[in-house]
Amino acid sequence: MATYKLNGDADELARRAEEGILPILQSQPGFKAYSVAIGDGEVLSLSVWDSRADAEAGSQVVASWVAENMASEIDLISVRFAELMFSTTLGVSTAVGAST
């Protein structure tokens, strides 16, 4: 999960992320999902991976792309890694016997 300060147009930034970052992530080992939310002058970029190692590698790839393509429009605030506990989108549940 990465948080950025937004300095540019939100709609344009989201379009460019979908067109530029998403294909790169989809080509990385362990990639599961990617979402971008924008509000209150910040961008929240959330990606889901098979493992923390996959997430860290993916984060490095995205950081390079952002530095080359969006450096003037967003400023990185923080990057955090966490274990996904449940997700209605991905079908991950804490319920016994639930599919993952």
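Which residues does Ala17 touch, not counting residues up to four places away in sequence? The legend for the helix α1 view gives the reply.

**Figure 1. The whole protein is a predicted model with 2 helices and 4 strands.**
Residues are numbered from 1 along each chain as its sequence is written. In this predicted model, local features need pLDDT of at least 70, side-chain atom pairs count only at pLDDT 80 or more, and totals for chains, interfaces and linings use all residues, while side-chain values use heavy atoms, with hydrogens and water left out. Helices (H or I, at least four residues) and strands (E, at least two) are DSSP runs, numbered from the N terminus. Along the sequence, the pattern reads β-α-β-β-α-β. The radius of gyration is 14 Å, close to the 13 Å that the globule rule gives for 100 residues, so the protein is as compact as a globular protein of that length. That radius is taken over C-alpha atoms, and the globule rule is 2.2 Å times the number of residues to the power 0.38. The C-alpha trace spans about 45 × 30 × 20 Å along its principal axes.

**Figure 2. The surface and the contacts are summed over the protein.**
The protein exposes about 6,500 Å². Carbon and sulfur atoms supply 51% of that area. Accessible areas come from the Shrake-Rupley method with a 1.4 Å probe; for residues, only the protein chains shown count as cover. Of the 100 residues, 26% are buried. Buried means under 20% relative accessible area, exposed means over 50%, and partly exposed lies in between (1.4 Å probe, protein chains only). Contact means heavy atoms within 4.5 Å. Among contacts with a separation of 6 or more, 62% come from residues 24 or more positions apart.

**Figure 3. Ala17 sits in helix α1.**
Ala17 is buried, with a relative accessible area of 5%. Here is the reply to the opening question: Ala17 touches Leu22, Tyr34 and Met70, not counting residues up to four places away in sequence. Now look along the chain to Arg80. Ala17 and Arg80 are 63 residues apart in sequence, and their C-alpha atoms are 19 Å apart in space.

**Figure 4. Phe31 and Trp49 form the 1 aromatic pair of the structure.**
A pair of aromatic rings is described by the distance of the centres and the angle of the planes. For Phe31 and Trp49, the centres are 5.3 Å apart and the planes make 75°, an edge-to-face pair. Phe31 lies in strand β2 (residues 31-39) and Trp49 in strand β3 (residues 42-49), so the pair ties together parts that are 18 residues apart in sequence. Rings of Phe, Tyr and Trp (its six-membered ring) pair if their centres lie within 6.5 Å; planes under 30 degrees apart count as stacked, over 60 as edge-to-face and the rest as tilted. Are Phe31 and Trp49 buried or exposed? Both are buried.

**Figure 5. Pro29 lies in the loop between α1 (10-26) and β2.**
Pro29 counts as exposed, at 57% relative accessibility. Leaving out residues up to four places away in sequence, Pro29 touches Trp49 and Asp54. The C-alpha atoms of Pro29 and Ala57 are separated by 9.0 Å, and these residues are 28 apart along the chain.

**Figure 6. Thr3 in strand β1 and Ile77 in strand β4 touch.**
Thr3 belongs to residues 2-6, the span of β1. Thr3 is buried, with a relative accessible area of 17%. Ile77 is partly exposed, at 48%. Setting aside neighbours within four places in sequence, the contacts of Thr3 include Glu42, Val43, Leu44 and Ile77. On the same terms, Ile77 touches Thr3, Tyr4, Lys5 and Glu42. Ile77 and Val43 are 34 residues apart in sequence and 9.6 Å apart in space, C-alpha to C-alpha.

**Figure 7. Asp40 lies in the loop between β2 and β3.**
Phi of Asp40 is near 55°. This is a positive value in a residue other than glycine. Asp40 is exposed, with a relative accessible area of 86%.

**Figure 8. Ser72 is found in the loop between α2 (52-69) and β4 (74-79).**
Ser72 counts as exposed, at 63% relative accessibility. Which distance separates the C-alpha atoms of Ser72 and Asn7? The separation is 7.3 Å, for residues 65 apart along the chain.
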